[in-house]
Amino acid sequence: MAQVLTGHGCFQSYPWDRKRAASPACVHCEVEKDDAEHTFFSCPFWEPARAEFSLAVGRPNVPKDVMYLLWGPELNELPEDQIRRRVLMAAAKRHGNLFCPMVETIMGQKEQLERQRQCALPNKKSFDWNKYLTERNTYEVPKDFFHHICESEMNGIELGSWVEIENKDGSGYWFASVCLSNGAFIKLHYFDDYNDKHDFWLKLNSLHLHFLNWGNENNKKMIHPHGLPRLIPEDFKEKVQNCELAVSNTVLQMKGAPIHNIFKRDMFVEVQDKDYPYNLWISKVLKNVGGRLLLQMQGVKSPEKKSFWIFYLNERVFPLGWAENKGLPWRVLNSDANLENSIDSSGLLNVLKCKVPEKHNYKVGEMLEVINPDSLTEFYVATIVMIYNHHYFKVEVNNEIDVEKRMSFVATKENPYLFNAGWASKHKFLLKPPSDWKKPNKFSWSKYKRMKDCKLASVDNKCGKVIDHIHIGMKLEAVDPLNTDRIRIATVKEFADRWMFLSFDNINCFQESLHVRSVYSDEVFPVGWCNKHKYSLSVQKLPYRDNLCFDDDWTKSLKRKNDEKKRNSTISKTVNKKIDVIEPIINIKAPELDKELHDALLLDVKVDNIQENINSVKEFNPKKYKVNNNDTITEYLVNNISPKNNNKICIYFNKDCYSGGHVVKKKMPTVPNSIGPDNVFFILKRAITILVGLDYFPWNALKKIKDNENMLFNGPGRIKILISTKKTRSHSRSSEHLLVPGSKEMARTYCSAVCGLFGMCEFFMTTENTKCPHSCNAKKGKILNAQDASTSTSS
């Protein structure tokens, strides 16, 4: 009803006003403007939906009736006779009860037809991978690296599986096994035939090819195709017909199409619970993109309320009916799920052939490292808390003081989230200390092991996959762990054991956030996978530029970025010693540098001055500072811990750069050209406050930075600051604690990342006093000149 009253609904005039539609005309008739009034009162296409209401009212409805239908007749227009008054009020109420369902019916049908119309429209131009790779002088990861994609593109017929072949004369049938399978053709070998020369190729749409037990259903006799009087034992016949390597009729009906196409919308599968391996949940298939399924768990008590993506070959996916066939301890928890109006899912039993996990040797109480599955960048300390059997065990992550709030999940030996103790430190990733680690210095596995008197688990890190042909810098497509709806361009940065380090490509020449994935991951795809399956590939756009356009300006900009990366790598090579990151703490002592950990370091801090600065920390006087004020304590710590001479920065605001669509233009003159020099902490706090204040809704901008703070900067050396917005007439004062970098080098990365978050040019707020390499000033000048020229011409 709100869409009808405001006009902000599925009407062509609404997207046309916002330049999102080609025309405001109605798609169902020839009227030039499709709005709410036209749809509900005059469009002939919706006349059948208005018929019942018009019949009840006694005349066609008109726009002026809306007030009467929603709120009834005006009191001053009602007669004085109480009986007639009550009759008119009852009639108005009855007409209003008919009007609301009519509106809902028309809007529901119109939205459904609009979705179908949008799907039928020609797709947008696909991403040009050839041009992208050529401009960067790099290559794609070979397609044979993605085993799950190769398997999903096959026809679903395994080697050694059995079928029944009808003789050419139709006299009977005989068993045959599959020797080779290639698309729409399979090579067959007759049972009990010792001559390989009799092997033959057959097309999958052949009328002589049938599934097992077809002969019994059609009362056919078993006659050898070469006319030899050979007999098949009855026990072998039953064994073949009941074997797991039987080609189902559903697979044969696909006629060689990729097996991932067998999954249709409204089919059902069973998904393994994250907390108990033998509990399964019936889930509905909402969408299938090349075998990547969008599922929705059914039932009120399901643990995952939101829909989620998962590849059909994942170890958590089982065919519908798996638990019932296996029996206890397997069971379905939402057996009361509504399966009406669903597509037959019985054919999936021959497609989803679940493999038994390898046996493990873990024991209860052993400790290891676990990566955060939601970000794939942070590592935690975890403990094995339960062993179900030789295949499944439960891992609990020590990320919260309250045990009930801790993250836990069921794991197998091949789980990609398990690592040996010390792996994160060895490869320079952030390891969050456990909740019971109270020491002021950095976390150490050796000290923690002695404190807990525990054993460390031995994770099998061996890589059984051939990766010699995969080189650093190759491109692929990968799922964004922070938003699984998005698939982005990724670059291979390094390999370690059975994991690979990836970074997403973006326009920011400074920002590079590594995340860890298994080489067996089913969330990475070959180049062109999204184009093939008509799925949108998320590519960040340059300001004033389409993401598919790679012209000379783009090449020059890319060359400048590459030169900048080379300069940064030259600077980083000059730092030979590895130092610890100084984290802000309240109970300040002179901590010892932990030699066992070597995380990422502050590139702009001299190694020789680190210990001197730590030893020269003044004694913290709590009487002088408010204990509840986190800012005051943090300011004190930053001033006394951080090297003052080497950690001061300036931030420059290039007000002529592209500022996005969320900035109030009238506030732009109040922005200073630069702030500083001062400590990183104070400058970042002032800069973020200024940037947030420019937004139309500052509280939303501040919350957006808070929600994405791990994506903006997730390295070591983070400092907590308090940012507050001003009180307005419509919204009260809001505050958020943000984690920002404490070093000069990381501040530059952080500033450009924040600008990218709001769709600004990455040089709108920067730590370097340089001109924008994207030529925002020149482009703005061109636009102004063009406007002046048009004005003079018209005059």
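**Group meeting: a sheet and a helix pair**

Let's start with one residue pair: Glu164 stands opposite His210 in β5. Keep in mind that this is a predicted model.

Glu164 brings us to strand β1, residues 162-166, which is joined to β5 by two bridges. The two strands run antiparallel. Now the whole sheet. It is open and has five strands, in the order β4-β3-β2-β1-β5. The pairing is antiparallel. Which strands stand at the edges? They are β4, residues 200-203, and β5, residues 209-210. Each has a single partner strand, so one side of each has no neighbour in the sheet.

Next, helix α22. This helix covers residues 744-757. Does the length agree with what we expect, or disagree? At 1.5 Å a residue, its 14 residues should span 20 Å. The end C-alpha atoms are 20 Å apart, so the two agree.

Look at the ends. At the start of α22, a side-chain oxygen of Ser743 comes to within 3.3 Å of the backbone nitrogen of Met746. Just after the helix, Gly759 has a positive phi of about 75°.

Is α22 enclosed or open? Ten of its 14 residues are buried, so the rest of the structure largely encloses it. Among the buried ones are Arg748, Thr749, Ser752 and Leu757.

One packing partner is α19, residues 680-693. The axes of α19 and α22 are 11 Å apart, at an angle of about 10°. Under 35 degrees counts as roughly parallel, so α19 is roughly parallel to α22. From α19, the contact uses Val680, Leu684, Ile688 and Leu691. From α22, it uses Lys744, Ala747, Tyr750, Cys751 and Val754. Why such spacing? An α-helix has 3.6 residues a turn, so residues three or four places apart point the same way.

How values were computed. Residues numbered from 1 in each chain as written. Predicted model: local features only at pLDDT ≥ 70, side-chain atom pairs only at ≥ 80, totals over all residues. Heavy atoms only, no water. Helix = DSSP H or I, 4+ residues; strand = E, 2+ residues; numbered from the N terminus. Expected span 1.5 Å × (residues − 1). Buried < 20%, exposed > 50% of the residue type's maximum accessible area, 1.4 Å probe, protein only. Polar contact = N/O pair within 3.5 Å; in protein donor to acceptor, adjacent residues only side chain to side chain. Pairing = 2+ DSSP bridges. Axes fitted to C-alpha atoms, helices over the stretch in contact; angles between N-to-C directions. Parallel < 35°, antiparallel > 145°, perpendicular 65-115°, else oblique. Contact = heavy atoms within 4.5 Å.
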